[in-house]
Every structure is written in C-alpha cells, then in structure tokens.
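Here is an informal walk through one protein model, for someone who would rather be at the bench. Have the structure open and follow along.

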Amino acid sequence: MARASAHPLLRALDGILVIPPEHHRPDTGRADAASMLACDQDALSALIRHGLPATGGRGRERFDSRDLFNLALYSGSGRTAVERGVASALRWTRSSCEDLIAPRMSRFELRVACGAPEGCGPGARNTLARPRTGAYGGKVRQVRALPAGAARDVPAGPAATARGSGPALTLSAVLRTVGDCPVLRSPALRAILREFVGAELRWLRLPEAMRNDESLIPRGFASCGSASRYIARLCREEGIPATTRIGWLVGLPDLVHAWVEVVDDDGVTKVIDPTFVLLAEVIPGANPMLRDPGIAFRTNRLIPTALGVGADLASHTCAAGRAPRVTTTLDPLT
C-alpha cells in the first residue's frame, strides 16, 4: 500500500529510529507484538515489509520490545497500552504550577542483587547511589543500608554512595522534595533552550549503549541522557558552567532520569530538565511551564544523586559476571 494511505503505524515507523542490528533484542513474539501495537496480523506483516526489524521465519518473527514501545508511543491512536501507560504515569505533568512546586514526602528504597539464578560466591561487592534532595532544598531522613544476610540495617553515612559486600544491598530513606521555577537570566542559555525546544526531537526507549549518544540529536531523536549531555556541552561552549545529573522521578522509579545543572548569570545553580520537552508530543495538556525556555522549572518529583550521566545508580560485581537485578520503590507519604 502507498505510504500516503498507509496504516498509522506505518507512518509512525517513518518517524522513529529502529534499534540497530548490533543492539537488536528479539524478546517479543508476533501475538504479543500485535497486542502491544493494538493492530492485527496483517498490519504487523506490513510493518515488517516496510522496515520493522524482526528475526525468525515468516509467521514466527520476533521483535525488539523497544521498537514496539516506540512505535506504540508515537502511533497517535490513543488505543495502545503504551500510550495509556505513559499518559497515566505522567498525568501529574498536567498539574498546576503550585502543585508541581509544593513539598512532597516519599518513602524510597533502592535494591541491587546478583543477577545469577544460582547466586554468587564470596567476594561480591555492591554500590548504591544515595539520594541527595538537600541539594534542591529538600531533606533526606532515616537513611539506612541493609546488606543481604545482616541481622539489622546500619546508617548509610554521608557518602554519595552506600557500599556493601554479599549477594545484595538495600538502601532506604524518607525523602522530602520541593520544586522551583526561577527565571533564566542568561541570554545565551535561553537561546540554547529555544533552539532545543524548536528542534521537536522525539524521545525514544533505547538500548543502554545508545542512551547517552549525542549523535542522535541531529537525527531528531534523544533520550534524557543524550539530551542532557548535548545541552551541557552547548552551555560550556558558551562559557556557562554546566554539569549533568542523574537520579529518579517520583512516579517513574524504574527509569534512570537525567537533567542538567547550570550556573546562571545571577550566580544561582538552576535545573534544566529536557525530558518534558522531548515528551511534549505525547503528554497533551502538560503544564506549559515545564517546556518554557525562559524558566528553569524543577518539579517536586525530582530526586538527584551526586552522579552524572554515564554513571551507575546501582552496581554489583561478582564471579558470576551477570547483570545485576535493580529494583526501585518510591511511595508517596503525602
């Protein structure tokens, strides 16, 4: 069929970057793929013919779930579970400025464990990043670290990370977070952000090896990590002190979030968070202040660490050599 009259998913396929072969992960079969895209098998076959990567014989193809997620997110149908899930997880972006700034209390828990089913032997080491909301006017209370097998937890101390031996480590705390929306004073900084907003980039779910790749930006795509690195570099080229930061967003605990800290002309360190510019297309009704290039809008759901883009929020090393299992829980207390 001609592209002009194509199924909406074919048009969406034109607008995303498919996962390259070297990173392709065939983790989803045809039935689940059709369900994820809310389409029939004929539409799925048309997508394969027009470039959706798949492995396996005809009728038994397998797809990368990240390709399917990105396709569903930009399908524009409003019927896919991905679209509904993202809209639900980010529904708070439609809140008033007052609600996005007001103090919030959350119970936080971060856990890392060996990814090997048989477990790991002696010498295993764990590291967990510690939340540091005090950097943004919040507070971190009751910080405790619990190594696996310990009789009780112990204070995690003031360091940027908690460390421990054994097959697992858990870090817990009670967090107070607060937002802010100061005006950006630097004309050069505002110009950088206006250009970024005008680029109409698309946020994509990407393999870990691609998440911080700035070369995606000229092609029209980004993740929060690559966008943050890109903005920080442009700022430094203009003589604006800037550094990337990683942490979490209340409501999206399983995703590593990234943003930029800049020192404005008034000497104040302010937050530039590009994610909401990237997701503007799929969050209808989002508060426009989140995308205003003249405002450094820091939401009350932002939880920073002392780490920058490219660092690990959690790590586990042992003889088994498997990827660790990381779980994050963020439950609101108010």
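## Rings first

Phe-69 and Trp-203 are both buried. This is a predicted model, so treat everything below as read from a prediction.

Those two residues make an aromatic pair of the edge-to-face kind, with 6.3 Å from centre to centre and 70° between the planes. Phe-69 sits in helix H4 (residues 65–73) and Trp-203 in strand S9 (residues 202–203), so the pair ties together parts of the chain that are 134 residues apart in sequence. Phe-69 has another partner to look at: Arg-205 lies over the face of its ring, at 3.8 Å from the ring centre.

Now turn to Trp-92 and Phe-276, which also form an edge-to-face aromatic pair, at 5.6 Å centre to centre and with 85° between the planes. Here, too, distant parts of the chain are linked: Trp-92 belongs to the loop between helix H5 (81–89) and helix H6 (97–101), while Phe-276 is in helix H9 (residues 275–278), 184 residues apart. Both Trp-92 and Phe-276 are buried. The total count of aromatic pairs comes to three, and the two described here are among them.

Side by side, they look like this:

| Pair | Centre to centre | Angle between planes | Geometry |
|---|---|---|---|
| Phe-69 and Trp-203 | 6.3 Å | 70° | edge-to-face |
| Trp-92 and Phe-276 | 5.6 Å | 85° | edge-to-face |

## The four-stranded sheet

Next, the sheets. One is an open sheet of four strands in the order S13-S12-S11-S14, paired antiparallel. Which strands stand at the edges? They are S13 (269–272) and S14 (302–304); each has a single partner strand, so one side of each is left without a neighbour in the sheet. On average, and ignoring direction, neighbouring strands here are turned by 45° against each other.

Helix H8 (residues 224–237) packs on this sheet, where it touches S11, S12 (252–263) and S13. The direction of H8 makes about 5° with that of S12.

Going strand by strand, S11 (residues 242–249) is joined to S14 by three bridges, and the two run antiparallel. Gly-247 has Pro-304 in S14 as its bridge partner. S12 and S13 are held in antiparallel pairing over four bridges, and Val-263 has its bridge partner in S13 at Thr-269. S12 and S13 also form a hairpin, with five residues between them. In that turn, Gly-267 has a positive phi of about 85°.

## The three-stranded sheet

Another open sheet has three strands, ordered S7-S4-S15, again with antiparallel pairing. S7 (161–165) and S15 (314–317) are the edge strands, each pairing on one side only. Neighbouring strands in this sheet are turned by 10° against each other on average, direction ignored.

S4 (residues 125–129) pairs with S15 in the antiparallel sense over four bridges. Within that pairing, Arg-125 stands opposite Thr-317 in S15.

## How far to trust it

The mean pLDDT of the protein is 90, and 95% of its residues reach 70 or more. Where is confidence lowest, and where is it highest? The low point is strand S6 (residues 154–155), at a mean of 51, and the high point is strand S2 (residues 62–64), at 98. Watch residues 1–5 as well: the pLDDT there is below 50, and this stretch has nine contacts in the model beyond near neighbours in sequence.

Notes
Residues numbered from 1 in each chain as written. Predicted model: local features only at pLDDT ≥ 70, side-chain atom pairs only at ≥ 80, totals over all residues. Heavy atoms only, no water. Pairing = 2+ DSSP bridges. Axes fitted to C-alpha atoms, helices over the stretch in contact; angles between N-to-C directions. Contact = heavy atoms within 4.5 Å. Phe/Tyr/Trp six-rings, centres within 6.5 Å; stacked < 30°, edge-to-face > 60°. Buried < 20%, exposed > 50% of the residue type's maximum accessible area, 1.4 Å probe, protein only. Lys NZ or Arg CZ within 6 Å of the ring centre and 35° of its normal. pLDDT = per-residue confidence, 0-100.
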